[in-house]
Amino acid sequence: MKKKIVLGVIGADCHAVGNKVLDFALTEAGFEVVNIGVLSSQEDFINAAIETDASAIIVSSLYGHGEIDCRGLREKCEEAGLKDILLYAGGNLVVGKQDWEPVRKRFQEMGFDRVYPPGTPPEVDIEHLKEDLKI
Amino acid sequence: MNALLLIDFGSTYTKLTAVDMKKEEIIANTKSLTTVQSDIMIGFQNAYHQIKEKCKDIYFDEILACSSAAGGLKMVAVGLVPELTAEAAKRAALGAGSRVLGVYSHELTQREIKAMIQQTPDIILLAGGTDGGNKDCIIHNAKMIAKYIKNVPVVVSGNIKASDEIEEIFKENHIYYEITDNVMPKLNKLNVEPAREAIRQIFMKKIVEAKGMKSAESMINGILMPTPAAVLNAAKILADGTNTEEGIGDLIVIDIGGATTDIHSIAEGEPTKPGVMKIGLEEPYAKRTVEGDLGMRVSAESLCHSVSSKKIMKFVPNTKYNIEERCKYLTQNVNEIPNTLEEIEFDEALSMVATEVAMERHVGVIEDVYTPMGKIYSQVGKDLLDAKYVIGTGGVLVHSKNPSKILRAGLYNEENPRYLKPTDPKLLIDKDYILSSMGLMAEKYPDIAIRILKKNLSNV
Ligand code: B12
């Protein structure tokens, strides 16, 4: 059976194009994409993952407030019974061009399994998904 | 003369409507107190004699009925996530014309099962999981229901991939069940029609009998649906039309009763303004909401608690009544009929508040989302700004000298622009109480029903 992936753009972020591109790429790669689109709250991601029994949540943030919007997502997942769900984040997670290593570290401390710098093409996280989900 | 007889076994009155099918006219309306405690047919016979007296040479080829007697259809809805499948199940139950006594989510506990038993539902609607999504929860809940609640029919409208296991559980435990398509097959996609239909089938097969109305079936050709489902049906056919008759377009029905205020809307509810993003669970095209705390009599006191007496005062600034006391009095005297100017004014104020608040809860809401770039808008629920018609029904509206004043309380209000209520609809009144009977009739004779509706709903 196809693995289900919840995809969306978190917070008050309305950048819609990358979300469509990712949806297309992930679907092509054989995943069942549950796309909750832009303007999605943490609860929207979690609720979607529960109902659809998803294996991973992919969070995009393009407008620079990713760090604030993503904080606490892992804890809420645990609270909601989503114990081992994979969390990936990418897009333009923070404002401007910052040194990437500290950003990655902060997101990993927040409980994200994989964190991607700006300009990462979808192929990269597709490879990682296959690896992490043992497909 | 050959005619069609339509019966609405209401909670208080049994209402009869005789229709001349050739002339497409309503010949007569009569009513008598509903007698469900003794034998439902006594009340029917009383009203029937009246109609026979009114039109002597009448002969009925066919008799159809709907019912909200003996408490009406009562259900509980069970889902997984409160905002998703549990909400979808609730909407399906409401659309089927049911009262929803409780909404349960996630894995049911014994405590919740106990509460559910105490609510004495007629049917349980069991949902949970998108198709191919979570199975564990709905299977757990099926097991709990099978183990502890044996005698309530269950409509299963959850993850179809769980249906084999659920079927096995229910068969083994001799549960009466019906498996239909998922109320939420994909995330945020709503699919309420199959569940509604299954509920109606069980209503006809099991509930009518359970409520002591079996005796009615010897004489009439079936109690086809709960009364609120008939009203929704009428609204839908009037809006959409049939193959041969034009519909009148998007509309809203406001039904103010003693115990509840119901709102029905027939509209897609897509954003009418540019730059608005729609979020959340899809809305049913034919949507019914029921406000159990807003009513003219039984629920007058709860109305006062829910909305504060200040808000009621806004509509009767000069009343001599103490608002809270008057509401309490009305709750204790459900048969009170207003006579004096002051009593009428007070009732109208209650109905205006009920209309305003019930509409706020029914329609979509627009929220500002502040971003560094400025404001953008998100919409949850239906945008009904452009709805063409608002139709009023229910005693207080029908008997009011000023029904448009009451209906206007439900329209768009610049002081509260978040609520996407209609801005400039035409206002109609169901003065002869025909909505439910026409919805019933539309099951078999949709063209005639819509033509009679168009003739009989009057402008105000
Ligand atoms: C178009 C655009 C807009 C449009 C969006 C229209 C729409 N509804 O889609 C509008 C004008 C509305 C807009 C508004 C704003 N924008 Co703008 N916008 C852009 C722009 C020019 C292109 C975005 C785009 O569509 N790219 C094409 C898609 C295909 O690429 P993408 O979105 O980056 O997505 C890809 C990757 O990021 C990656 N990806 C995304 N998520 C994930 C997740 C994972 C796990 C992985 C592996 C990969 C991945 O894969 C995607 C597909 O290839 C970018 C600049 C740029 N060139 O990127 C700025 C940009 C994103 N915007 C920016 C900003 C600041 C804003 C505003 C805050 C203010 C402003 N300057 O206008 C507002 C915010 C509005 C809001 N509430 O969201 C900044 C963000 C800065 C930052 N993060 O540090 C950018 C980078 C411009 C800049 N250099 O300043 N914007």
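User: At 7% relative accessibility, does Glu356(B) count as buried or exposed?

Analyst: The general idea is to compare the accessible area with a cut-off: a residue is buried when its relative accessible area is under 20%. In this predicted model, Glu356(B) has a relative accessibility of 7%, so Glu356(B) counts as buried.

User: With which residue does the side chain of Glu356(B) meet in a salt bridge of 3.3 Å, N to O?

Analyst: To read a salt bridge, one looks for a nitrogen of one side chain and an oxygen of the other, and then asks where each partner is placed. Here the partner of Glu356(B) is Lys311(B), at 3.3 Å from N to O. The two belong to distant parts of the chain, since Lys311(B) is in helix α9 (residues 309–315) and Glu356(B) is in helix α11 (residues 341–362) of chain B, 45 residues apart. Lys311(B) is partly exposed, at 23% relative accessible area, whereas Glu356(B) is buried.

User: Which lysine forms a salt bridge with Glu356(B) at 3.5 Å between the closest N and O atoms?

Analyst: That residue is Lys314(B), whose closest atom pair with Glu356(B) is 3.5 Å apart. Because Lys314(B) lies in helix α9 and Glu356(B) in helix α11 of chain B, this pair ties together parts that are 42 residues apart in sequence.

User: Which residues do salt bridges that share partners join into one network?

Analyst: The network consists of Glu24(B), Glu245(B), Arg451(B) and Lys454(B).

User: How many salt bridges does a search of the whole structure find over all chains?

Analyst: The search finds 33 of them. One salt bridge joins Glu62(B) and Lys444(B), with 2.4 Å between the closest N and O atoms. Glu62(B) is in strand β4 (residues 59–67) of chain B and Lys444(B) in the loop between α14 (435–441) and α15 (446–456) of chain B, so the pair links parts that are 382 residues apart in sequence. The partners can also be read by accessibility: Glu62(B) is buried, at 11% relative accessible area, while Lys444(B) is partly exposed, at 46%.

User: Which protein residue is the donor to the cobalt atom of the ligand?

Analyst: For a metal site, one lists the protein atoms that serve as donors. In this case there is a single protein donor, atom NE2 of His15(A), 2.2 Å from the cobalt atom. His15(A) is found in the loop between β1 (4–10) and α1 (17–28) of chain A.

User: Between which chains does the ligand lie, and how many residues surround the ligand?

Analyst: One reads a ligand site by its position, its shell and its polar contacts. The ligand lies between chains A and B, and 29 residues surround the ligand. The closest are Cys14(A), His15(A), Ala16(A), Ser60(A) and Gly96(A). By type, the shell divides into 17 nonpolar, ten polar and two charged residues.

User: How far is a backbone N or O atom of Ala12(A), Ala16(A) or Gly96(A) from a ligand atom?

Analyst: For Ala12(A), the distance is 2.8 Å to a nitrogen atom of the ligand. For Ala16(A), it is 2.7 Å to an oxygen atom of the ligand, and for Gly96(A), 2.8 Å to an oxygen atom of the ligand. The elements that give two or more residues to the shell are α1, β3 (56–61), β4 (86–91) and α6 (122–132) of chain A. α1(A) gives the most, with four residues.

User: How many of the eleven residues of helix α2 (residues 42–52) of chain A are buried?

Analyst: To judge whether a helix is enclosed, one counts its buried residues. Nine of the eleven are buried in α2(A), so this helix is largely enclosed by the rest of the structure. Among the buried residues are Phe45(A), Ile46(A) and Ile50(A). What covers them includes β1, β2 (32–40) and β3 of chain A together with α2 (82–95) of chain B. Just after α2(A), Asp53(A) takes a positive phi of about 60 degrees.

User: What is Thr393(B) in contact with, leaving aside its neighbours within four places in sequence?

Analyst: A list of contacts shows which residues pack around a chosen one. Thr393(B) lies in strand β17 (residues 389–393) of chain B and is buried, with a relative accessible area of 6%. Its contacts include Val253(B), Ile254(B), Val398(B), Tyr433(B) and Leu435(B).

Terms used:
Residues numbered from 1 in each chain as written. Chains lettered and ligands numbered in written order. Predicted model: local features only at pLDDT ≥ 70, side-chain atom pairs only at ≥ 80, totals over all residues. Heavy atoms only, no water. Donors = N, O, S within 2.8 Å, 3.2 Å for Na, K, Ca; no water. Near = heavy atom within 4 Å. Polar contact = N/O pair within 3.5 Å; in protein donor to acceptor, adjacent residues only side chain to side chain. Nonpolar A, V, L, I, M, F, W, Y, C, P; charged D, E, K, R; others polar. Salt bridge = Lys/Arg side-chain N within 4 Å of Asp/Glu carboxyl O. Buried < 20%, exposed > 50% of the residue type's maximum accessible area, 1.4 Å probe, protein only. Contact = heavy atoms within 4.5 Å.
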